[in-house]
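Me: I'd like a close look at one part of this protein, the charged pairs and what surrounds them. Could you walk me through it in plain bench language?

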Amino acid sequence: MVVREGMHDLIWCGWADITENGFGPVNDFVGVVSTKIDAKRKKKVKFADGREHLTVFSARRGDGSMNVMQIPEKFALEHLGKRISAQGMVTDTGKPKPFVWMYKQLVANDAGEDYEELHIWYDVIAEEPGSNAKTDEEEADLQELEIKLSAIPSRIEVDDLKRPVTEAVIRRTPKNKDYFDKHTKTVLRWEGK
């Protein structure tokens, strides 16, 4: 039997600092409208003796963005390179730091059941959004800010074969719900068998 599924409803986003030996506590990111990271690998083919001799794949990377209605001050200061003067002026003279980016979405199957699915990107860099403004005399139009994201293999998180992890995905089930629910406090780590 084939089960058909579809993803819908972004229900939570968060981030955590990357520390010397792991990850800091998870912070809620309120105001995210959408997020998307496209994962890819580069393929390099070497030929010898008139045929394909060796194919090498690069580590998995991801590029994408998040669209937000607001940016938490802590995130802007730590991960977008912003600084605030004593007079309240915000500048772009800080140093942006990588972070862990996480989001939960619902997955529905053809039986009408919904599952929570958590995506964790372990080493992400964000670019500060551009600046724009416009006048709308008819009605107020809220603006979304687009923050570009780039993900690389983690310097800290590795699997049981000691390979750097770029992204992990886990579904909440009755068996793993306690482990899954820890995401609001700490970054989920690989636990090999």
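Is Lys-104 buried or exposed? And please take it from there, through the salt bridges and then out to the surface.

Reply: Lys-104 is buried, because its relative accessible area is 11% and the cut-off for buried is under 20%. Before going on, keep in mind that this is a predicted model.

So what does the side chain of Lys-104 meet? It pairs with the side chain of Glu-116 in a salt bridge, with N and O 2.9 Å apart. Lys-104 sits in strand β9, which covers residues 99-109, while Glu-116 belongs to strand β10. The two residues are twelve apart, and the pair links distant parts of the chain. The partners don't share a burial class: Lys-104 is buried, whereas Glu-116 has 23% relative accessibility and therefore counts as partly exposed.

Step one residue along and you get to Glu-117, also in strand β10. This one is buried, because its relative accessibility comes to just 7% against that cut-off of under 20%. Glu-117 has a salt bridge of its own, to Arg-171, where the closest N and O atoms are 3.0 Å apart. Since Glu-117 lies in β10 and Arg-171 in strand β12 (residues 167-171), this pair ties together parts that are 54 residues apart in sequence. The side chains of Glu-117 and Arg-171 also show up as a polar contact, listed at 3.0 Å. Arg-171 itself is partly exposed, with a relative accessible area of 27%. Here again a buried residue, Glu-117, is matched with a partly exposed one, Arg-171.

Right after Arg-171 comes Arg-172, and its side chain meets that of Asp-181 in another salt bridge, 2.7 Å from N to O. This time both ends are partly exposed: Arg-172 has 29% relative accessibility and Asp-181 has 30%. The three pairs described so far are among the eight salt bridges that the structure holds.

If you carry on along the chain, Arg-189 is found in the segment after α2, the helix spanning 177-181. Arg-189 counts as partly exposed, because its relative accessibility is 33%. What's handy to know is how the fold brings Arg-189 and Gly-22 together: they are 167 residues apart in sequence, yet their C-alpha atoms are 9.4 Å apart in space.

Now for the surface. Which residues gather in a patch of negative charge there? They are Asp-136, Glu-137, Glu-138 and Glu-139. Glu-139 is found in the loop between β10 (114-127) and β11 (145-151), so this takes us just past the strand that carries Glu-116 and Glu-117, with β10 leading into that loop. Glu-139 counts as exposed, because its relative accessible area is 56% and the cut-off for exposed is over 50%. Set that beside Glu-117, another glutamate, which is buried at 7%.

The surface also has a nonpolar side. Val-33, Met-69 and Leu-142 make a nonpolar patch of about 280 Å². Met-69 has its place in the loop between β6 (61-68) and α1 (73-79). At 34% relative accessibility, Met-69 counts as partly exposed.

To pull it together: Lys-104 and Glu-117 are the buried ends of their salt bridges, Arg-172 and Asp-181 are both partly exposed, and Glu-139 is exposed as part of the negative patch.

Definitions and conventions. Residues are numbered from 1 along each chain as its sequence is written. This is a predicted model: local features need pLDDT of at least 70, side-chain atom pairs count only at pLDDT 80 or more; totals for chains, interfaces and linings use all residues. Side-chain values use heavy atoms; hydrogens and water are left out. Patches are made of residues with over 30% relative accessible area and no salt bridge: like charges are joined within 9 Å, nonpolar side chains (Val, Leu, Ile, Met, Phe, Trp, Tyr) within 5 Å. Accessible areas come from the Shrake-Rupley method with a 1.4 Å probe; for residues, only the protein chains shown count as cover. A salt bridge is a side-chain nitrogen of Lys or Arg within 4 Å of a carboxyl oxygen of Asp or Glu. Helices (H or I, at least four residues) and strands (E, at least two) are DSSP runs, numbered from the N terminus. Buried means under 20% relative accessible area, exposed over 50%, partly exposed in between (1.4 Å probe, protein chains only). Lys and Arg count as positive and Asp and Glu as negative; His and the chain ends are not counted. The place of a charge is taken as NZ of Lys, CZ of Arg, CG of Asp or CD of Glu. A polar contact is a pair of N or O atoms within 3.5 Å; within protein, one must be able to donate a hydrogen and the other to accept it, and residues adjacent in sequence count only if both atoms are side-chain atoms.
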